[in-house]
Amino acid sequence: MESADECANNLIVLLLEPLAIYRSLSGSHYFHTMFVFESWLSLVVTCLLTMAWWAFVFNKRQRTTPIPPCTQQIPPLLDCIRLRRSVFAKDWIYGGPPVSEGAMRRLLEAAMWAPFHGPVPPWRFVVLGRHAMIAMQQMTLAYYDTHWRSHVWSSETDEDDDDDTEDLEKSRERREAASYQRWRMKREEEITGRWGPVSYMVGIVMQRQAGSKRMDEWEEAAATACAVQNMHLQASVDPTLACYWSSWHDAARDSEEMRQFLGMGREDKCLGFFMVASCRPDLKDLRQRKVATHLKVEWRE
Ligand SMILES: Cc1cc2nc3c(=O)[nH]c(=O)nc-3n(C[C@H](O)[C@H](O)[C@H](O)COP(=O)(O)O)c2cc1C
C-alpha cells in the first residue's frame with residue numbers, strides 16, 4: 001500500500017512530467033518548429049473533424065427529428081376514418097386564403113408512413129402549385145389538340161348537320177370537331193373556374209422499381225394508393241381542408257407528354273392528381289355508409 005504522500009507525489013510527477021520534457025526540448029529550434037507545425041496541423045484536423053461530426057449529427061437529426069406533436073384535439077382513429085371525405089369543386093372556397101405550405105407538407109409526411117413491400121417505397125409525388133398546375137392543364141389541352149381525333153368524342157347531332165347531300169363521313173367529322181371544341185372550351189374555362197381555388201394539385205406517381213427486388217406492379221400501385229389514403233386521412237383532422245383524388249383526363253394522364261411533364265420513368269404510372277383546396281369548416285357531410293351496401297365480407301370458421 002502506498003502512503004497518501006507517495007500517491008500525491010506520483011500524481012504531481014504525472015502531471016508535470018510532460019511539461020518538463022517539453023521545456024527541456026523546446027530549447028531546440030527543430031522541436032519548436034515541429035511543435036508549432038504540429039499544433040497548427042492538429043488544430044486544422046480537429047476543426048475539420050468537429051465540422052464533419054456536426055454535419056453528421058445535424059444530418060441525422062434532420063432525418064430523425066420527430067414531427068412536432070399535433071396540438072389539435074384529434075378524435076379517435078375510427079372517427080378520423082369516418083371524417084375522411086372527398087370534397088369537390090362546388091364546396092371549395094373561391095378567392096379564400098390558399099392552403100398553407102405547412103399543411104401540404106403535413107399531408108406528405110402522412111403519406112410517407114404508408115406500408116410498402118420491398119426495399120424502396122414506390123410512391124412519388126409532384127406537388128404542383130398555382131403556376132405548375134396551370135402548366136399541367138395547358139399541357140393536357142395541347143395533348144388533346146394533337147390527339148383528339150384518335151379518341152372517341154360524343155358527337156351529339158347538331159340539327160343543321162342533317163344535310164342529306166353532305167357526305168356522311170365529312171358530316172361526322174365536322175360534328176366531332178365541333179364536339180371537341182365545345183369540350184375544349186369548357187376545360188379551358190375550368191383553369192380559372194373549377195380549378196381556380198385549388199392550392200395544390202399533387203401528381204400521384206407510382207414509381208416502378210428496377211433490379212432483382214422488383215415487386216409485382218399491383219403491389220406498387222396498392223402501396224401508392226395507401227400513401228394517398230394517408231394524405232386524405234391526415235386532411236380529415238383539419239375541417240378546412242378540401243381534398244379529393246382525381247383520375248384526371250385519362251388519355252392525357254397516360255400520355256408521353258404527361259410522363260415528361262411529371263419527370264416519370266419509362267415504366268412509372270401516373271395515378272391521377274390529389275386536389276388540395278379549402279372549404280368551410282362547417283361543411284355538412286351527407287354521405288352514408290351501410291354495412292349492407294358498403295361492406296362485402298364473408299366470414300368463415
Ligand atoms: C382511385 C380513385 C380515383 C378517383 N377519381 C375521381 C375522379 O376522377 N373524379 C371524381 O369526381 N372523383 C374521383 N374519386 C373520388 C371518388 O369520387 C370519391 O372517393 C367517392 O365519391 C367517395 O367519396 P368519399 O371519398 O367522400 O368517401 C376517385 C377516388 C379514387 C379512390
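The following paragraphs lead through the fold of a predicted model, from the chain as a whole to its sheet, a helix lying across that sheet, and the surroundings of a ligand.

The secondary structure of the chain amounts to 10 helices and 4 strands. Along the sequence these elements follow the pattern α-α-α-α-β-α-α-β-α-β-α-α-β-α. Of the 301 residues in the chain, 18% are buried. Among contacts with a separation of 6 or more, 83% join residues that are 24 or more positions apart.

The strands are best considered together. An open sheet of 4 strands is arranged in the order β1-β2-β4-β3, and the pairing is antiparallel. Strands β1 (123-128) and β3 occupy the edges; each has a single partner strand, so one side of each is left without a neighbour in the sheet. On average, and ignoring direction, neighbouring strands are turned by 20° against each other.

Within this order, β2 can be followed through its pairings. Strand β1 pairs with β2 in the antiparallel sense over 6 bridges, and V202 in β2 is the bridge partner of V127. Strand β2 (residues 200-206) also pairs with β4 (residues 269-278), again in the antiparallel sense and over 6 bridges. Two positions illustrate the register between β2 and β4: Y200 stands opposite V276 in β4, while M201 has M275 in β4 as its bridge partner.

The burial of β2 can be read face by face. This strand is mostly covered, with 7 of its 7 residues buried. On one side the buried residues are Y200, V202, I204 and M206, and on the other they are M201, G203 and V205; both faces of β2 are therefore covered. The paired residues V202 and M201 thus appear on opposite faces of the strand, and both are buried.

Helix α7 (residues 217-235) lies across β1, β2, β3 and β4, and runs at about 155° to β2. The length of α7 can be checked against its residue count: at 1.5 Å a residue, its 19 residues should span 27 Å, and because the end C-alpha atoms are 27 Å apart, the two values agree. Which residues of α7 are buried? They are E220, T224, A227, V228, N230, M231, H232, Q234 and A235. The cover over the buried residues of α7 includes the four strands β1, β2, β3 and β4, together with helix α4 (101-112).

Strand β3 leads from the sheet to the ligand. The residues around the ligand are R85, S86, Y244, W245, S246, S247, G272 and R287. Which element gives the most to this shell? Strand β3 (residues 241-246) does, with 3 residues. By character, the shell divides into 2 nonpolar, 4 polar and 2 charged residues.

A last position to consider is R280, located in the loop between β4 and α10 (291-294). Is R280 buried or partly exposed? With 14 other C-beta atoms within 10 Å, R280 is partly exposed, because a residue counts as buried only at 20 or more such atoms and as exposed at 12 or fewer. R280 and L241 are 39 residues apart along the chain, and their C-alpha atoms are separated by 8.4 Å. Position 241 is also where β3 begins.

Key: Residues numbered from 1 in each chain as written. Predicted model: local features only at pLDDT ≥ 70, side-chain atom pairs only at ≥ 80, totals over all residues. Near = placed C-beta within 6 Å. Nonpolar A, V, L, I, M, F, W, Y, C, P; charged D, E, K, R; others polar. Pairing = 2+ DSSP bridges. Axes fitted to C-alpha atoms, helices over the stretch in contact; angles between N-to-C directions. Contact = placed C-beta atoms within 7 Å. Expected span 1.5 Å × (residues − 1).
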